[in-house]
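Me: I'm new to this one. Could you walk me through a few things in it?

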Amino acid sequence: MKIGIFIPNATFDLPGTPEVGGIETFSFTVGEALRRLGVVFQPRTLDLDLSVTQNLLYHAALHGIARREARLRSDEVLTRIGLSDRAGSKVRDLSGGQMRRLEIARALLHRPRLLLLDEATVGLDVKARADILTHVRQLVTEQGIGVLWATHLFDEIISSDDLVVLHQGRVLAHGPVARVIADAGAQDVNTAFMRLTSAAAASGSVAP
Amino acid sequence: MSSLTARQNQSGFSLSEYLTCLNGIVWREALRFLHQRERFVSALVRPLVWLFIFAAGFRQVLGISIIPPYETYILYEVYIAPGLMAMIQLFNGMQSSLSMVYDREMGNMRTLLVSPLPRWYLLFCKLLAGTAVSLLQVYAFLLIAWFWDIAPPPIGYLTVLPALILSGLMLGALGMLISSGIKQLENFAGVMNFVIFPMFFASSALYPLWRVQEGSPLLYYVCLFNPFTHAVELIRFALYGQINWLSLAVVGSCTAAFMIGAIYAYDPSRGLIRRGPAGGET
């Protein structure tokens, strides 16, 4: 999935309500939209030679969050992702799963309404993948953050999710998981996806 | 602590948010610089090699007559010191743009670009941060040069600061402009050869322009139109508490031109950076 940070137009729409699928939308300027948006990219985007805290503080500064407030928030997010004891370590020394959790935490520092995750679990082991999935689902239920989760791994989708099937930049289907499956005349997401992309397709992204 | 709703309703950015952002970018750049000790050492060794070896060797060959801003006969070492200060900034400007190419390849650039603040401001902060790092290097050089009997008037250390900031911005903006056209890190060595060396040698850094004119009138004009010459002269005069107005005008307008060019080039909707599979920038 490509995330357009390079947004050529001055305004674009973003869900106004944190519930995914909320129809209500507002128009924002690019800056205003980015302020409400947390993004986790597929490739690693951390400064490997800086410490965990330094990475967080840098991101906070880029969002105009003053140093004292930034320190409070980074302590807070580090506790939440269970990395408090690694606050001073260089990012280089973290495991893949820890880096990913840190990136999610970083994307939440400026308290966005919507979190975009671009194949966040790619390249992680089973345990780390499950941890991240649980963590993100908690963010949705406990903090009311909207999440757009792009993935190729269909076992990450649960039946209560809202699903958008993207194929080569086009939306093939969207709606609650059960309905998308039923509309495709399939039994599960896998088959539904294969049918929708007419089996031969090699690429596509799904976002619950 | 600003509440969620307060933030949601607020639009635009306050001055303190701009300053926090600037602070953060300069801080990160300084941290990165301090972590790369080799870079600091090589940034210092390079001009010192020129000073200790090249200048010592050429002291006998090149006589320097009394030209402004100097009031007496000077040693060759004293003459090339401002040129070497500008060289430090030239290398630093190219190096920070190199790190932008690297950031772009490694994805670190995305961190910068998801900032809600305007793109031009982020680039400007980057430039200021690079300039701040170059100032550290130049003053470290001046300190060592002082032990080598290159002792401008004490007030010169202060008056040279604005000149250094301006020349640092100019060379940093030039580096940024060049880096926007570079797709891969490997191409950079070529740019170093095609930009740094010609700029440095075809300038008044190593020899006064009147001497160049005696040798080759054509080269004299090349030097005269080289913005680096004016950066050197601006620094040279400022180091002795004087202002070279022509150089100030040239450096000032080149800074503005390069900066506008760089901001334009880094603007995705019309700039030189293309999206899509070929450009590699998403």
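Below are some short questions and replies on this predicted model.

Me: In chain A, which element has the highest mean pLDDT?
Reply: Chain A as a whole has a mean pLDDT of 78, with 81% of its residues at 70 or more. Among its elements, strand β1 (residues 11–15) of chain A comes lowest, at 41. At the other end, with 93, is helix α2 (residues 52–62) of chain A.

Me: How many contacts beyond four places in sequence does the model have for residues 1–25 of chain A?
Reply: Go easy on this part: where pLDDT is low, the predicted coordinates shouldn't be read in detail. Over residues 1–25 of chain A, pLDDT stays under 50. For that stretch, the model's contacts beyond four places in sequence number 51.

Me: Is A:Arg111 buried, exposed or partly exposed?
Reply: You'll find A:Arg111 in the loop between α4 (96–108) and β4 (114–118) of chain A. Its phi is positive, near 55 degrees, and it isn't a glycine. A residue counts as buried from 20 other C-beta atoms within 10 Å and as exposed at 12 or fewer. A:Arg111 has 18, so it is partly exposed.

Me: Are α11(B) and α12(B) roughly parallel, roughly antiparallel, roughly perpendicular or oblique?
Reply: Helix α11 (residues 227–239) of chain B packs on helix α12 (residues 245–265) of chain B with the axes 8 Å apart and an angle of about 125 degrees. Roughly perpendicular runs from 65 to 115, and roughly antiparallel is over 145. The angle fits neither, so α11(B) is to α12(B) oblique.

Key
Residues numbered from 1 in each chain as written. Chains lettered and ligands numbered in written order. Predicted model: local features only at pLDDT ≥ 70, side-chain atom pairs only at ≥ 80, totals over all residues. Axes fitted to C-alpha atoms, helices over the stretch in contact; angles between N-to-C directions. Helix = DSSP H or I, 4+ residues; strand = E, 2+ residues; numbered from the N terminus. Parallel < 35°, antiparallel > 145°, perpendicular 65-115°, else oblique. pLDDT = per-residue confidence, 0-100. Contact = placed C-beta atoms within 7 Å.
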